[in-house]
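The following exercises are to be worked with the sequence and the structure at hand. Each task is followed by a solution in steps.

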Amino acid sequence: MAEHTSSNITIEAAPAEVMGVIADFARYPEWTGEVKEAEILATDDRGRAEKVRLVLDAGAIKDDHTLAYTWTGEDEVSWSLVKSQMLRVLDGSYRLAALDGGVRTEVTYQLTVDVKIPMLGMIKRKAEKVIIDRALAGLKKRVEGPTASGAEATPSDEAEKH
């Protein structure tokens, strides 16, 4: 069974605002770093993406792949790999939890990656960690905007290997 990596970060915004940025796939290339292109291929009856094509460049992992998204309520989205050139597995999720009466949000990002070519587990987990850390830091910066005060955005909790 493939291992997964997870990390979390606190964002100074309401969960709905955070999810709004997560759901805006067209703008991923502006803030994620690894996503170079994003194209929504299908949406659900609420207009949320169900299938998205992404071009990814995460150093050791470069790929053009399609993901299927599942939305659970207003505070969780998960995805799984539909097709890929390089990847065997790319499953993940964002889970949001309201803090301080909904003015802040804890975001937990979980990711499992498996590639078709042989790769040392240590290198694969490092790539997962880089993807997660950059995505969480980028999400925080994107949501909080240029007027936000404070230190550089970095995931606050250590990544866990499961």
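A salt bridge is a side-chain nitrogen of Lys or Arg within 4 Å of a carboxyl oxygen of Asp or Glu. The exercises apply to a predicted model.

**Exercise 1. Determine how Arg88 and Asp114 are paired, and which strands the pair ties together.**

Step 1. The closest N and O atoms of Arg88 and Asp114 are 3.4 Å apart, and the two residues form a salt bridge.

Step 2. Arg88 belongs to strand 6 (residues 87–99) and Asp114 to strand 7, so the salt bridge ties together parts that are 26 residues apart in sequence.

Step 3. With a relative accessible area of 49%, Arg88 is partly exposed. Asp114, at 18%, is buried, because the cut-off for buried is under 20%.

**Exercise 2. Describe the salt bridge between Glu39 and Arg53, and state which network includes both residues.**

Step 1. In this salt bridge, the closest N and O atoms of Glu39 and Arg53 are 3.5 Å apart.

Step 2. Strand 2 (residues 35–43) holds Glu39 and strand 3 (residues 49–58) holds Arg53, so the pair ties together parts that are 14 residues apart in sequence.

Step 3. Glu39 is partly exposed at 38% relative accessibility, and Arg53 is partly exposed at 21%.

Step 4. Through shared partners, salt bridges join Glu37, Glu39, Arg53 and Asp64 into one network.

**Exercise 3. Find which helices are tied together by the salt bridge of Arg142 and Glu30.**

Step 1. The side chains of Arg142 and Glu30 meet at 2.7 Å, N to O.

Step 2. Arg142 is in helix 3 and Glu30 is in helix 2 (residues 28–31), so this salt bridge ties together parts that are 112 residues apart in sequence.

Step 3. Glu30 is exposed, at 51% relative accessible area, whereas Arg142 is partly exposed, at 28%.

Step 4. The count of salt bridges in the model comes to twelve.

**Exercise 4. Analyse the aromatic pairs, and name the residues that form one aromatic cluster.**

Step 1. The count comes to seven aromatic pairs.

Step 2. In one of these, the ring centres of Phe25 and Tyr28 lie 4.9 Å apart with the planes at 35°, so the pair is tilted. Phe25 and Tyr28 are both buried.

Step 3. The rings of Tyr69 and Trp79 have centres 5.8 Å apart and planes at 40°, so this pair is tilted. Tyr69 is in strand 4 (residues 61–72) and Trp79 in strand 5 (residues 76–84), so the pair ties together parts that are ten residues apart in sequence.

Step 4. Tyr69 is buried at 9% relative accessibility, and Trp79 is buried at 9%.

Step 5. One aromatic cluster is formed by Phe25, Tyr28, Trp31, Tyr69, Trp79, Tyr94 and Tyr109.

**Exercise 5. Characterise the largest nonpolar core and the contacts of Leu139.**

Step 1. The largest nonpolar core has 38 residues, and those with the most contacts inside it are Val18, Ile22, Tyr69, Tyr94, Val107, Tyr109 and Leu139.

Step 2. Helix 3 (residues 121–144) supplies the largest share of this core, six residues.

Step 3. Leaving aside residues up to four places away in sequence, Leu139 touches Ile11, Val18, Val21, Ile22, Trp31, Tyr94 and Val107.

**Exercise 6. Establish whether strand 1 is mostly covered or mostly exposed, and how strand 1 pairs with strand 7.**

Step 1. Six of the seven residues of strand 1 (residues 5–11) are buried, and the strand is mostly covered.

Step 2. Strand 1 pairs with strand 7 (residues 104–115) in the antiparallel sense, over seven bridges.

Step 3. Ser6 has Gln110 as its bridge partner in strand 7.

Definitions and conventions: Residues are numbered from 1 along each chain as its sequence is written. This is a predicted model: local features need pLDDT of at least 70, side-chain atom pairs count only at pLDDT 80 or more; totals for chains, interfaces and linings use all residues. Side-chain values use heavy atoms; hydrogens and water are left out. Buried means under 20% relative accessible area, exposed over 50%, partly exposed in between (1.4 Å probe, protein chains only). Helices (H or I, at least four residues) and strands (E, at least two) are DSSP runs, numbered from the N terminus. Two strands pair if DSSP finds at least two bridges between them. A nonpolar core is a set of buried Ala, Val, Leu, Ile, Met, Phe, Trp, Tyr and Cys residues joined through side-chain atoms within 4.5 Å. Contact means heavy atoms within 4.5 Å. Rings of Phe, Tyr and Trp (its six-membered ring) pair if their centres lie within 6.5 Å; planes under 30 degrees apart count as stacked, over 60 as edge-to-face and the rest as tilted.
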